[in-house]
Amino acid sequence: MERLSIKVKIKAMGRIYLIFLYIIFGGIYLSGQSFSTKSLTEQLTSAKTLTSKRATTSVKIDGILDEGEWQNGSQIKHFSEFRPNPGHDESETHKTEAYLLYDDLGIYFGGFCHEKVRDSISTELTGRDGFGNNDFVGIIFDTYKDNINAFEYFVTPLNEQWDAKQAPNNNGDSEDFSWNAVWESATKIHDNGWSFEIFIPFASIRFPKKEIQDWGLNVTRRRQITGEQFFWNHVDQNINGFLTQEGYWTGLTNIKPPIRLQLSPYLSYYTNHFPSNLPDKSNYTTQVNGGMDLKWGINQSFTLDATLIPDFGQVQSDAQVLNLTPFEVRFNENRSFFTEGTELFNKGGLFYSRRIGGTPINLYSVYDQLGNNESVISNPTETKLLNATKISGRTQHGLGIGVLNAVTSETTAIIENKETGEKRSLVTDPLTNYNVFVLNKSLKYNSSVSLINTNVLRTGSTYDANVSAFLFDINDKTNTWNVGGSISSSQILHSGDKKNTFGYYHSLYAGKTSGKVRYNIWQELADKSYTSNDLGYFTNSNYMIQGVWIGFRRPEPKGWSNNMNTNINMNFSRLLTPFGSENPMYQAARIQVNINAQHKKLSWMGLNLNYSFAENDFYEPRVANRYFRRGHSALVGYWFESNTNKKYSVSPEIYIRRYFNFYNGTSIDMNLFQNWRVNNKLSLRLGISVQPRFNNVGFSTFESNEPVFAVRDIDTYETSLRTKYNFTNRMGVSMVARHYIRSIENKMLFNLKTDGSLTENDLTPTAQNRTVNFFNIDLVYTWQIAQGSFVNVVWKNAIGKLDAVYNEDYFSNLSSTLRGDQNNNISVKVIYFLDYHTIASSRKKSI
């Protein structure tokens with residue numbers, strides 16, 4: 001019967017695939033623009049061109065364009081609207097006039113953004129790289145003219161800076177705002193608009209070594225009050241790629257970056273209090289750290305970044321949860337060294353930087369090696385990072401090279417004999433070297449190929465790991481059709497007689513990437529031995545999954561909406577290799593529809609529909625060669641976001657999933673986010689999340705090494721408050737407070753049968769009830785004392801509480817949590833930026 005149902009599902013999925021293929025090829029016929037789309041060469045030929053001009057005198061960066069040198073610069077005007085009315089010209093009442101110059105030191109960019117009245121200018125102090133409710137102007141340089149990689153610099157009317165690198169990554173997002181450069185800017189608000197001046201030193205941008213250079217160029221402006229965005233060189237949302245539609249800045253002559261040597265020494269002090277109340281241990285600890293970050297321009301194209309004796313103690317606290325899934329929680333990376341300038345290393349999705357300095361590989365095996373009367377008195381949950389270095393850049397022929405290397409120290413647990421007091425140590429993580437090597441070659445037509453290797457070498461008998469991958473992403477000359485994928489192999493290398501293992505993975509995709517109708521077909525496959533988890537994030541192997549995606553875009557206003565996007569996608573997955581001749585290979589199949597639109601009053605809304613066929617879950621049992629037959633289900637979701645330009649905005653979301661067999665469980669996700677912008681200095685964001693699960697079925701525990709499942713109710717609440725107050729554009733205070741509760745009430749317990757079904761057992765359900773609370777406060781004061789130099793004062797409060805009871809009452813949980821043991825940490829860190837070129841220039845002037 002099981003095999004018959006699988007055949008029926010496969011047959012039904014096959015019919016659906018045929019329908020999707022019909023839609024796809026019908027779309028080719030119906031969307032005539034597919035055949036009339038200009039080639040990429042034609043797009044580039046029609047691009048605007050700006051002839052470069054050299055500055056002959058100095059320009060003072062004060063936000064006022066009163067130097068005559070600006071009038072001699074290359075003028076940038078006649079902007080085209082990107083949204084909400086694509087292709088429209090700027091009106092005279094809010095036109096943009098800008099100028100571009102360069103000299104031996106760097107690039108000067110200045111201009112005036114016209115407005116009817118001063119009140120039309122949107123301003124909010126948010127701190128560096130914080131968008132907020134701001135107008136902005138930005139300039140984008142594609143210095144290698146590859147239509148793939150670029151540098152972006154933005155400034156707001158209150159002179160807050162953003163900067164980013166453009167490079168495609170595994171998440172599909174090409175802008176990396178974690179990248180930070182050091183550059184100057186100044187602005188001034190007038191009654192009829194606002195003016196700006198920017199200086200970007202050549203030390204803060206990379207470019208090829210050529211006597212005469214042409215760069216890709218675009219300039220953008222945002223008017224927040226109307227939701228309008230403009231570009232100097234028109235960008236069509238129906239054409240694949242933002243950088244494929246750039247203009248050009250031509251004729252830059254004899255430009256050479258100065259010696260790029262930048263040092264950021266730091267000194268930090270920490271004091272910590274936790275009420276352990278042990279007789280031989282103080283509740284207070286203190287620590288003084290010192291170290292340095294170094295940035296050295298090896299040549300015009302390549303830069304070495306190093307962190308020596310790193311200190312990441314002030315990064316934002318992780319959002320801890322009670323994990324009920326069979327997979328590891330993936331936390332965000334908040335350490336600046338591993339977020340800035342890492343676009344090369346993130347290609348292929350093989351690098352998860354939290355592995356470096358993360359959980360020791362043998363953290364939990366310590367408890368399996370305890371002797372009689374022994375207990376663990378110390379078992380660090382994080383390894384210590386000794387140093388990390390990365391070299392990255394791109395040659396003038398478009399070859400990107402990246403090397404990242406990091407070393408973590410040996411980590412040990414301390415075990416004590418309770419009778420004799422004798423102590424012994426046990427290595428939980430050996431001295432380890434992590435390495436990532438990337439080659440990325442830019443090709444014609446916005447295409448590229450990449451070679452990636454990740455390697456983990458450990459001392460002692462612990463295994464080593466290696467993963468190699470080849471990636472390709474190819475577009476045709478019309479910039480309409482795309483094909484790509486990756487081929488990867490993994491190796492787990494053991495010492496001694498244990499057999500090494502080798503694994504294989506590939507992904508393939510092909511589709512249409514320009515036009516109002518877009519689609520693709522894709523497949524992923526991993527054999528049972530493949531893993532990239534030692535330096536990446538990888539959950540499971542032995543699968544094959546394929547899918548179809550089709551999207552419909554309407555970027556122009558029509559009726560009540562400014563734009564509308566709809567996509568339909570489906571996927572089907574199965575085991576690659578069965579674990580028994582009588583066991584199923586089918587895993588899951590899903591169909592999903594997503595619709596989102598912007599109202600003409602600048603609010604957003606979206607609808608999500610999902611149907612999941614009955615599935616065989618091979619991961620929930622937490623043991624090999626077993627599976628759980630999960631019922632089919634349907635989801636409907638709706639979200640709304642009001643106009644964020646208003647002082648108060650709200651964003652509610654609700655998602656409901658219903659399961660249609662066994663105990664007919666229901667899951668509900670309700671989220672409400674509220675934003676108050678009190679003034680342009682103070683803002684608050686309150687988030688409330690309620691996620692009840694009724695008659696949820698899932699793994700609970702083990703009994704005699706056999707998985708035990710439960711029918712249970714799960715109540716999850718999360719409340720977060722984010723607030724910030726900026727005194728100036730260089731000084732501010734921010735706070736993040738979060739309270740998380742998850743409570744589980746088991747109703748019935750079941751044994752998992754070999755055919756994936758459940759049979760009730762006589763175990764006591766309430767024995768597995770539990771409630772967990774996590775409470776955190778991160779309060780941060782930041783003062784930018786000079787360009788690239790900061791004083792940071794941070795207070796962190798953390799409480800964690802686990803109870804073996806079910807308690808769904810929010811206020812009862814909050815009260816008991818706040819009475820629990822709290823860890824409080826206060827730190828002060830001073831970072832001072834030293835630039836060789838600036839120091840050398842100052843010395844020359846003084847002489």
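## A residue at the edge of cover

At 37% relative accessibility, Glu706 counts as partly exposed, because that value falls between the 20% limit for buried and the 50% limit for exposed. Keep in mind as you look around that this is a predicted model.

Which residue does Glu706 form a salt bridge with? The partner is Arg626, and the closest N and O atoms of the two are 2.9 Å apart. Arg626 sits in the loop between strand 33 and strand 34 (628-630), while Glu706 belongs to strand 39 (residues 706-728), so this salt bridge ties together parts of the chain that are 80 residues apart in sequence. Unlike its partly exposed partner, Arg626 is buried, with a relative accessible area of 12%.

## The whole chain

Now let us step back. The protein chain has 847 residues, and its radius of gyration is 29 Å; a compact globule with that many residues would have a value near 29 Å, so the two agree. Taken along the principal axes, the C-alpha atoms fill a box of roughly 90 × 75 × 55 Å. The chain contains 5 helices and 45 strands.

How much of the chain is buried? Of the 847 residues, 49% count as buried. The surface that the chain exposes comes to about 39,200 Å², and carbon and sulfur atoms supply 55% of that area. If you take the contacts between residues at least 6 apart in sequence, 64% of them join residues at least 24 apart.

## More salt bridges

The structure holds 26 salt bridges. One of them joins Glu115 to Arg223, where the closest N and O atoms are 2.8 Å apart. Glu115 is found in the loop between strand 5 (106-114) and strand 6 (136-142), and Arg223 is in strand 12 (residues 212-223), so the pair ties together parts that are 108 residues apart in sequence. Are these two partners buried or exposed? Glu115 counts as buried at 4% relative accessibility, and Arg223 is buried too, with a relative accessible area of 6%. The pair also belongs to a network of salt bridges that links Glu90, Glu115, Arg221, Arg223 and Glu228.

Another salt bridge connects Arg590 with Glu615, with 3.4 Å between the closest N and O atoms. This pair links distant parts of the chain: Arg590 is in strand 31 (residues 586-599) and Glu615 is in strand 33 (residues 615-617), 25 residues apart. Arg590 is partly exposed, with a relative accessible area of 30%, whereas Glu615 counts as buried at 12%.

## Strand 6 and its partners

Strand 6 is mostly covered, with 7 of its 7 residues buried. In a regular strand the side chains alternate between the two faces of the sheet. Here, Phe136, Gly138, Ile140 and Asp142 point one way, Val137, Ile139 and Phe141 point the other way, and all are buried.

Which strands are joined to strand 6? Strand 12 runs antiparallel to strand 6, and 7 bridges join them; in this pairing, Val137 stands opposite Arg221. Strand 7 (residues 150-155) also runs antiparallel to strand 6, with 5 bridges between the two, and here Ile140 stands opposite Glu152.

## Two buried residues with hydroxyl names to know: Thr307 and Ser74

Thr307 lies in strand 17 (residues 302-308) and is buried, with a relative accessible area of 2%. The side chain of Thr307 makes a polar contact with the side chain of Asp293 at 2.9 Å. Leaving out residues up to four places away in sequence, Thr307 touches Met292, Asp293, Phe337, Asn387 and Ala388. Thr307 and Thr389 are 82 residues apart in sequence, but their C-alpha atoms are 6.5 Å apart in space.

Ser74 is in strand 2 (residues 74-76) and counts as buried at 3% relative accessibility. What does the side chain of Ser74 reach? It reaches the backbone oxygen of Thr51, at 2.4 Å. Thr51 is also among the residues in contact with Ser74 beyond four places in sequence, including Leu50, Lys53, Tyr99 and Trp249.

Methods:
Residues numbered from 1 in each chain as written. Predicted model: local features only at pLDDT ≥ 70, side-chain atom pairs only at ≥ 80, totals over all residues. Heavy atoms only, no water. Salt bridge = Lys/Arg side-chain N within 4 Å of Asp/Glu carboxyl O. Helix = DSSP H or I, 4+ residues; strand = E, 2+ residues; numbered from the N terminus. Buried < 20%, exposed > 50% of the residue type's maximum accessible area, 1.4 Å probe, protein only. Contact = heavy atoms within 4.5 Å. Polar contact = N/O pair within 3.5 Å; in protein donor to acceptor, adjacent residues only side chain to side chain. Rg over C-alpha atoms; globule rule 2.2 N^0.38 Å. Areas by Shrake-Rupley, 256 points an atom, 1.4 Å probe, with all protein chains shown as cover. Pairing = 2+ DSSP bridges.
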